[in-house]
Amino acid sequence: MNTSVDWEQIIDNLKMGNYPVLGNGSGRKVYDLGNDTVLKIAKNIKGYAQNEVESFISEIDESDTFAKVLCASGDNHYLIMEKAGFITNFAFVRSYYRVKSNRELFRLNNLSYIPHKYNLLVSDLCRPVNWGVRENRPVIIDYGFTGRIRRKYY
Ligand SMILES: Nc1ncnc2c1ncn2[C@@H]1O[C@H](COP(=O)(O)OP(=O)(O)O)[C@@H](O)[C@H]1O
Ligand SMILES: [Mg+2]
């Protein structure tokens, strides 16, 4: 992970309104940084925890299934991630992986390790809003919501 990011410059740009808002989740607000990356800003304690989890998973995961975290601030307030395009239909993900049902998806050899290794729920992983597209491939963009965080904050 690259930590040589000029956070002050990014925060200045943010204050000047230079970054369009891309989305707003329960824990984070997401801005388009304009260079194929997004900025996720924690809005509350859950958001900090989610940023921390995404940094961790992105660092240890060796697949291309997750949109990569490029950098995060030491306090997990800010996180920079590869930008993905919107997907409107989960059929795109199923068709990419050549499965007929969501249940089959996380039974595939190359995805079945994800729920237990990272403590992520299949029901969350199968929500279209948690996926995006990069280079015509589906990628998971919201993967900070582990069972531990659910129990602690929700
Ligand atoms: N990597 C990304 N590329 C493009 N849009 C994103 C990306 N990550 C998040 N978003 C947008 O921002 C919204 C909120 O981000 P998300 O990670 O889901 O935050 P939360 O964990 O608070 O739900 C998403 O639903 C999506 O619309
Ligand atoms: Mg979300």
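These legends describe close-up views of a predicted model, covering its sheet and the surroundings of ligand 1. Local features need pLDDT of at least 70, side-chain atom pairs count only at pLDDT 80 or more, and totals for chains, interfaces and linings use all residues. Residues are numbered from 1 along each chain as its sequence is written, while chains are lettered from A and ligands numbered from 1 in the order in which they are written.

**View 1. The open sheet.** Five strands line up in the order 1-2-3-5-4, with antiparallel pairing. Strand 1 and strand 4 are the edges, each pairing on one side only. From one strand to the next the twist averages 20°. Strands (E, at least two residues) and helices (H or I, at least four) are DSSP runs, numbered from the N terminus. Two strands pair if DSSP finds at least two bridges between them. In a regular strand the side chains alternate between the two faces of the sheet.

**View 2. Strand 2 against strand 3, with helix 2.** Five bridges hold this antiparallel pair. Arg28 stands opposite Ala42 in strand 3. Helix 2 packs on the sheet and touches strand 2, strand 3, strand 4 and strand 5. Its direction makes about 130° with that of strand 4. Contact requires C-beta atoms, placed from the backbone, within 7 Å. Axes are lines fitted to C-alpha atoms, for helices over the stretch in contact; angles run from 0 to 180 degrees between N-to-C directions.

**View 3. Strand 5 and its partners.** Four of the five residues in strand 5 are buried (20 or more other C-beta atoms within 10 Å of a residue's own, all placed from the backbone). Strand 3 runs antiparallel to strand 5 and is joined to it by five bridges. Here Lys40 stands opposite Leu79. Strand 4 (residues 69-72) also pairs with strand 5 in the antiparallel sense, over three bridges. Cys71 faces Ile80 across that pair. Five residues lie between the strands of this hairpin, where Asn76 takes a positive phi near 65°.

**View 4. The shell around ligand 1.** The shell holds 22 residues, and Gly23, Gly25, Gly27, Val30 and Asp142 come nearest. A residue is near if its C-beta atom, placed from the backbone, lies within 6 Å. Strand 1 (21-24), strand 2 (28-32), strand 3 (37-42), helix 2 (45-60) and strand 5 (78-82) each supply at least two residues. Strand 1 gives the most, with three. By type, the shell has eight nonpolar, nine polar and five charged residues. Ala, Val, Leu, Ile, Met, Phe, Trp, Tyr, Cys and Pro count as nonpolar, Asp, Glu, Lys and Arg as charged, and the others, Gly among them, as polar.

Conventions: Buried ≥ 20, exposed ≤ 12 C-beta atoms within 10 Å, placed from the backbone. Contact = placed C-beta atoms within 7 Å.
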